[in-house]
Amino acid sequence: MPTIHLDSLVKRYGEVEVLHGIDLEMADNEFTVLVGPSGCGKSTTLRMVAGLEDVSDGEIYVDGNPVSHLEPKERDLAMVFQDYALYPHMNVAQNISFALRLARRPKAEIDAKVKEVAAMVGLTEFLHRKPGALSGGQRQRVAMARALAKDSGIFLFDEPLSNLDAKLRGQMRAELALMSQQVEKNMIYVTHDQIEAMTLADRIVVMHGGYIQQQGTPEELFKRPANKFVAGFLGMPPMNFLNGEIEDRDGRIFILGEGFAIEIEGEKAEAARKHNHKLITLGIRPSDLRFDPEAPADRSLSLDVMVSEYIGAQSVLICQCGSEKVTVELNSETPVALGTALKFAVNPNGVHLFDRKSESAL
Amino acid sequence: MAQPNQTANSAFFVLIAVLVFMSVGPVLLMFVNSFKLDVDIISGTSGLLFLPTIQNYETALCDILWYEPEHIDFCSLKFGGAFINSLIIALISTALTLVIGCMAAYALVRFRFMGRDTVSLTTLMVRMVPPAVLLVPVFGLWNNEFCLDRDGLIGGAIRDVFGGRGDVCLAGTHTGIILIYVAMNLPFVIWILQSFIVQVPPSLEEAARVDGAGPFQVFFKVVLPLIKPGLAAAAIFTFRIAWNEYLLASALSDRNTKTVPILIVNNMSEFNVEWGVIMATGMLLAIPPIIFTLLASRQIITGMTAGAVKG
């Protein structure tokens with residue numbers, strides 16, 4: 001399968017620069033997910049790879065060859081669009097075989113391919129229906145089948161699941177994950193949904209404001225976010241951020257803030273000691289806060305419960321710590337009275353420190 | 001659901017009845033009168049009691065009938081020829097208008113180029129000029145400009161084949177009339193089709209491009225099938241105008257290229273107005289647009305783009 005390399009890719013609309021030099025290397029047979037909030041440039045990047053947007057500066061290499069001057073049809077890629085983009089005047093079989101018919105492949109080959117792909121996505125019974133007579137999920141499958149039939153090495157997804165309802169989205173996500181294991185292709189997947197990114201990706205590329213914030217495996221990004229944005233973007237419920245100051249008490253490093261003073265150890269303490277500025281932001285994921293009334297004060301946060309959201313086995317509590325809000329998760333069976341103060345132990349490995357000004361991780 | 005207003009308001013039905021009578025009445029009158037002798041028509045006893053005759057139709061169709069009707073000494077009406085002229089002119093001008101119109105509309109909607117808005121607006125402004133205003137300059141141009149010298153190679157060849165005298169000009173030819181009809185109908189067709197093309201989701205075209213379609217394949221295989229209803233509507237409109245047009249055709253056609261509307265007026269002279277024949281010709285004139293509209297309107301299906309994209 002072809003490798004893709006983006007070399008300081010820039011996109012300008014008139015005077016406005018929306019992508020500021022994207023460098024990206026996609027290895028063989030890799031599932032890369034571009035994730036970020038809307039307007040971060042992820043779709044633009046994908047459309048540039050597809051050839052649907054002009055490249056303002058920089059270059060796209062496929063297998064080492066520059067392709068940014070090529071038409072989409074010369075780039076050997078298949079794409080699934082956010083709104084499916086099915087041809088409404090053709091039935092499912094014709095939709096799937098459109099690319100093959102344009103390429104003037106022999107009829108027997110086309111028929112075989114349509115059958116194979118339709119079976120793969122479970123559309124065999126619907127081959128003669130028009131897209132208008134299909135449900136949302138089925139249309140999504142047709143879009144997928146159409147891309148699969150093309151047999152190209154590069155597979156592009158532009159938020160393919162964002163139009164489905166929550167249940168169907170979960171189901172399609174699982175099917176996609178299965179499919180990505182079965183077919184050997186280089187896939188680039190754009191989404192704003194961090195759960196899709198985490199579950200599907202071999203590699204996540206987090207984008208924000210036209211820059212790549214961080215790239216790596218889902219685990220790397222989750223455990224060692226490079227900056228406050230990545231930390232806050234990945235993970236559900238999102239990470240809690242508390243402003244604090246570093247204080248060195250006879251060699252022991254403390255983070256002091258409004259209503260808390262937590263000691264940190266190991267690598268993080270080392271990094272904090274070396275850091276020039278005292279003002280930092282402390283980041284702790286809800287999953288790294290454990291309800292423990294016995295926890296010592298320098299290892300825990302004392303939180304006032306404001307709102308309790310019951311979501312089944314777990315409840316999500318929104319609490320107050322000083323003037324800031326902290327989200328924690330708690331077993332629903334634990335009796336909680338609103339307005340009471342609870343103690344939560346901080347997992348020492350789950351502490352993240354960010355410079356308050358640059359927002360990058362210490 | 002109960003709609004009490006409808007049953008209560010009989011004035012509404014009276015209004016509808018009047019409207020129906022106004023639109024159907026003249027056609028009915030024309031139909032009835034086409035089977036009457038002129039004496040019956042003029043006599044004023046406009047009752048339904050008369051002896052129906054097909055004499056008028058025989059007169060109208062005298063040049064294409066296989067037998068010679070008894071009541072005609074000389075076949076002066078050339079309905080068959082005029083009918084074929086009308087068909088040629090209306091069909092070719094409709095086809096040309098649609099081909100040029102859909103491409104122009106597509107370009108105006110999808111491509112960004114300098115002066116796009118100006119072009120879009122001026123096409124409609126051409127439409128605002130009354131055809132009568134165009135007639136005089138066009139008549140001059142068709143008669144005196146764009147002519148091929150009769151001594152020249154092509155002009156000479158045309159004169160040898162078709163006969164006639166003078167230089168070969170656009171005036172009096174099918175081409176001349178077709179060209180002016182195309183020019184007259186294009187603005188409206190472009191405007192109709194623009195609104196249809198705007199509704200084709202751009203992502204469909206992008207999908208086709210990724211699937212390996214070139215610009216023309218995108219247009220002919222994806223865009224064109226989706227704007228079929230618009231093409232049909234535009235075709236009906238254009239055909240009807242071209243078929244019925246009188247003013248320009250009367251000035252730009254000659255004896256061999258005149259269309260049916262011109263022919264009808266030829267039945268009026270200072271001595272005699274042959275109402276029966278006029279009615280019969282009128283009935284015959286009305287048939288092709290009806291057939292054309294029935295065929296074309298089958299293509300007008302709403303919701304062509306249903307299911308293309310998630311709304």
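1. In this predicted model, A:Gly257 stands opposite A:Phe260, a residue of β13(A). The two strands concerned, β12(A) and β13 (residues 260-264) of chain A, are antiparallel and pair over 5 bridges. They form a hairpin with 2 residues between the strands, and A:Gly259 there takes a positive phi near 85 degrees.

2. β12 (residues 252-257) of chain A also pairs with β11 (residues 240-249) of chain A; these strands run antiparallel and are joined by 6 bridges. One of the pairings sets A:Glu247 against A:Phe254 in β12(A). β11(A) and β12(A) form a hairpin as well, again with 2 residues between them. In that turn A:Asp250 has a positive phi of about 55 degrees. β12(A) is therefore paired with β11(A) and with β13(A), where a pair of strands needs at least two bridges.

3. Ahead of β11 of chain A there is a loop that follows α8 (228-233), and A:Pro237 lies in it. The peptide bond joining A:Met236 and A:Pro237 is cis, with omega about -5 degrees. Anyone inspecting the backbone of chain A should find this bond in the loop between α8 and β11.

4. A:Arg104 has a positive phi, near 55 degrees, and is not a glycine. It sits in the loop between α2 (92-102) and α3 (107-121) of chain A. Is A:Arg104 buried or exposed? With 7 other C-beta atoms within 10 Å, A:Arg104 is exposed, because a count of 12 or fewer puts a residue in that class.

5. A:Glu359 is another residue with a positive phi, about 65 degrees, although it is not a glycine. Its place is in the segment after β20 (351-355) of chain A. A:Glu359 has 17 other C-beta atoms within 10 Å and so is partly exposed; the buried class begins at 20 and the exposed class ends at 12.

6. Helix α9 of chain B covers residues 174-198, which is 25 residues. At 1.5 Å a residue the helix should span 36 Å, and its end C-alpha atoms are 35 Å apart, so the two values agree. The helix does have a kink of about 40 degrees, at B:Leu186. The proline B:Pro187 comes shortly after the kink.

7. Chain B is assigned two stretches as domains: domain 1 (6-60) and domain 2 (79-297). Over C-alpha atoms, the centres of domain 1 of chain B and domain 2 of chain B are 32 Å apart. The contact between them takes 12 residues from domain 1 of chain B and 11 residues from domain 2 of chain B.

8. Which helices supply the side of domain 1 of chain B that touches domain 2 of chain B? At least two residues each come from α2 (10-33), α3 (38-42) and α4 (55-60) of chain B. α4(B) gives the largest share, 4 residues. By class, this side of domain 1 of chain B has 6 nonpolar, 4 polar and 2 charged residues.

9. Between the chains, 26 residues of chain A are in contact with 21 residues of chain B. On the chain B side, α10 (202-210) and α11 (215-226) each supply at least two residues. The largest share of that side, 6 residues, comes from α10(B). The side of chain B that touches chain A divides into 12 nonpolar, 5 polar and 4 charged residues.

Note on methods
Residues are numbered from 1 along each chain as its sequence is written. Chains are lettered from A and ligands numbered from 1 in the order in which they are written. This is a predicted model: local features need pLDDT of at least 70, side-chain atom pairs count only at pLDDT 80 or more; totals for chains, interfaces and linings use all residues. The expected span of a helix is 1.5 Å times one less than its number of residues. The bend at a residue is the angle between axes fitted to the seven residues ending there and the seven starting there. Domain bounds come from an automatic or database domain assignment. Two residues are in contact if their C-beta atoms, placed from the backbone, lie within 7 Å. Ala, Val, Leu, Ile, Met, Phe, Trp, Tyr, Cys and Pro count as nonpolar, Asp, Glu, Lys and Arg as charged, and the others, Gly among them, as polar.
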